[in-house]
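Visitor: I have a chain on my screen and plenty of questions. Could you take me through it?

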Amino acid sequence: MEELRPSQPGDPAIEDRIANRAPRIIVVTGPTATGKTAIAHRLALDLDGELVNADSVQIYRHVNVGTGKPSSGLRSERSYHLLDIRNPDEPFDAQQFRRLAAEAIRSILDRGHSAIVVGGTGFYIRSLLYGLFEGAGRDPEIRARLESRLKAEGSASLYAELRVADPATAGKLHPNDSQRLVRALEVWLSTGRPISAWREDHRFAEHPFDPRLFVLQVPREELRKRIDRRVEHMLSEGWVEEVQELLNRGYDERCRPLHSIGYAQLLRVCRGDLSLEEAVSLIQKETSEFARRQTTWYRKEKGANWISPDRYDVILGEARLFLEKHGSTLPSV
């Protein structure tokens with residue numbers, strides 16, 4: 001595995017952010033099982049910080065074991081925000097996350113503390129840092145016409161049209177991704193501009209925070225072993241019982257947490273449709289695949305600092321330097 005060095009002072013990415021006077025924050029993210037919670041918590045202790053959760057399942061109550069939610073001991077040491085804020089059957093999305101996370105961060109900074117965002121939901125983090133692209137070109141008539149064409153002609157026809165109108169977007173979509181094909185063509189037909197151009201404009205429109213983004217990275221084989229051990233540990237901590245308790249509370253099997261990796265498989269165990277041994281194998285396999293998808297996502301993030309979780313001293317040093325250069329008040333060492 002290629003080792004990517006953390007950014008060093010003097011790099012253009014850092015100098016650009018220093019020039020930006022937006023409120024500064026630390027972000028700790030990366031694939032599952034890389035130790036994000038432990039690293040972020042240590043940073044909060046050393047930098048007089050408070051933590052903001054950016055995990056899309058940890059926001060739900062009653063799902064603790066299988067989400068790797070911070071323990072009560074950790075939560076008694078530092079303040080954690082956006083944990084346990086919704087019931088499992090309540091809707092929640094990136095737009096709500098962005099609003100609540102921004103409010104929490106500003107409150108933390110107003111108290112004179114460092115704000116540390118931690119979690120592995122890349123889309124939530126991206127929405128917080130760069131805003132959400134709502135898009136132009138909402139046209140019900142055009143959309144209805146495209147959906148009629150989709151039924152009559154199939155997605156291949158729409159994909160071929162998009163390759164001509166907006167090759168940049170077509171290159172990122174699967175030919176059978178009908179929902180995104182319709183949306184991209186709707187924007188093109190209603191505005192005369194490709195959706196890729198709208199997104200590029202939006203990329204520079206909203207930068208409410210000035211982030212130092214740490215992406216934790218471990219070698220692939222080591223990560224696979226970490227994932228396997230993590231799943232086994234969660235089971236020993238009562239993961240199956242937690243799923244059964246959700247059902248006992250009356251939550252519908254279709255609620256979002258019960259569709260997440262691990263919970264979905266253990267739900268089948270509780271129903272008697274799958275053996276525990278089969279479920280464990282599936283959870284470990286799907287979690288490893290998910291970790292690979294997360295890695296792919298984070299490699300697209302500009303300014304990301306890829307670093308091993310074993311190098312905490314470097315992470316702390318870079319975080320401290322970043323905050324000090326922005327005039328932050330930090331505890332003495």
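Visitor: Which residues does Met-234 touch, not counting residues up to four places away in sequence?

Guide: This is a predicted model, so we are reading computed coordinates. Met-234 sits in helix 11. Leaving out its neighbours up to four places away, Met-234 touches Val-65, Gly-66, Thr-67, Gly-68 and Trp-239.

Visitor: How far apart in space are Met-234 and Val-65, C-alpha to C-alpha?

Guide: In sequence, 169 residues separate Met-234 and Val-65. In space, the two touch. Their C-alpha to C-alpha distance is 5.9 Å.

Visitor: Is Met-234 buried or exposed?

Guide: Buried means under 20% relative accessible area. Met-234 has 6%. Because that value is under the cut-off, Met-234 counts as buried.

Visitor: How many helices and strands does the protein chain have, and in what order do the strands form the sheet?

Guide: The chain comes to 15 helices and six strands. The six strands form an open sheet, and the pairing is parallel. Strands of a sheet pair through backbone hydrogen bonds. The order here is 3-2-4-1-5-6.

Visitor: Which are the edge strands?

Guide: Look at the two ends of the order 3-2-4-1-5-6. An edge strand here pairs on one side only. The edge strands are strand 3 (80-81) and strand 6 (305-307).

Visitor: What is the bridge partner of Leu-51 in strand 3?

Guide: Strand 2 covers residues 49-53, and two bridges join it to strand 3. The two strands run parallel. The partner of Leu-51 in strand 3 is Tyr-80.

Visitor: Which strands does helix 4 touch, and what angle does its direction make with that of strand 2?

Guide: Helix 4 (residues 94-110) packs on the sheet. It touches strand 1 (24-29), strand 2, strand 3 and strand 4 (114-118). Its direction and that of strand 2 make an angle of about 175°.

Visitor: How many residues of strand 5 are buried?

Guide: Check both faces of the strand. On one side Asp-210, Arg-212, Phe-214 and Leu-216 are buried, and on the other Pro-211, Leu-213 and Val-215. Strand 5 is therefore largely enclosed by the rest of the structure. The count is seven of the seven.

Visitor: Which residue of strand 6 does Val-215 stand opposite?

Guide: Strand 5 pairs with strand 1 over six bridges, in the parallel sense. There, Thr-29 stands opposite Val-215. Three bridges join strand 5 to strand 6, also in parallel. In strand 6, Val-215 stands opposite Trp-306.

Visitor: Which helices do the buried residues of helix 13 pack against?

Guide: Helix 13 covers residues 263-271. Its buried residues include Tyr-263, Leu-266 and Val-269. They pack against helix 11 (220-236), helix 12 (239-248) and helix 14 (276-298).

Visitor: What is the phi of Asp-48, and what is that of His-62?

Guide: Most residues other than glycine have a negative phi. Asp-48 lies in the loop between helix 2 (36-46) and strand 2, while His-62 lies in the loop between strand 2 and helix 3 (72-77). Both values are positive, though neither residue is a glycine. Phi is near 50° for Asp-48 and about 70° for His-62.

Visitor: Is Cys-255 buried or exposed, and how many disulfides does the structure have?

Guide: Cys-255 has 8% relative accessibility, so it counts as buried. Cys-270 has a relative accessible area of 24% and is partly exposed. A search of the whole structure for disulfides finds zero.

Visitor: What share of the protein chain is buried?

Guide: The chain has 333 residues. It exposes about 16,500 Å², with carbon and sulfur atoms supplying 49% of that area. Buried residues make up 47% of the chain.

Visitor: Where is the pLDDT below 50?

Guide: The mean pLDDT of the chain is 89, and 88% of its residues reach 70 or more. Two stretches fall under 50, one of them with 41 contacts beyond near neighbours in sequence. Where pLDDT is low, the predicted coordinates should not be read in detail. The stretches are residues 1-18 and residues 328-333.

Technical notes: Residues numbered from 1 in each chain as written. Predicted model: local features only at pLDDT ≥ 70, side-chain atom pairs only at ≥ 80, totals over all residues. Heavy atoms only, no water. Pairing = 2+ DSSP bridges. Helix = DSSP H or I, 4+ residues; strand = E, 2+ residues; numbered from the N terminus. Contact = heavy atoms within 4.5 Å. Axes fitted to C-alpha atoms, helices over the stretch in contact; angles between N-to-C directions. Buried < 20%, exposed > 50% of the residue type's maximum accessible area, 1.4 Å probe, protein only. Areas by Shrake-Rupley, 256 points an atom, 1.4 Å probe, with all protein chains shown as cover. Disulfide = S-S within 2.5 Å. pLDDT = per-residue confidence, 0-100.
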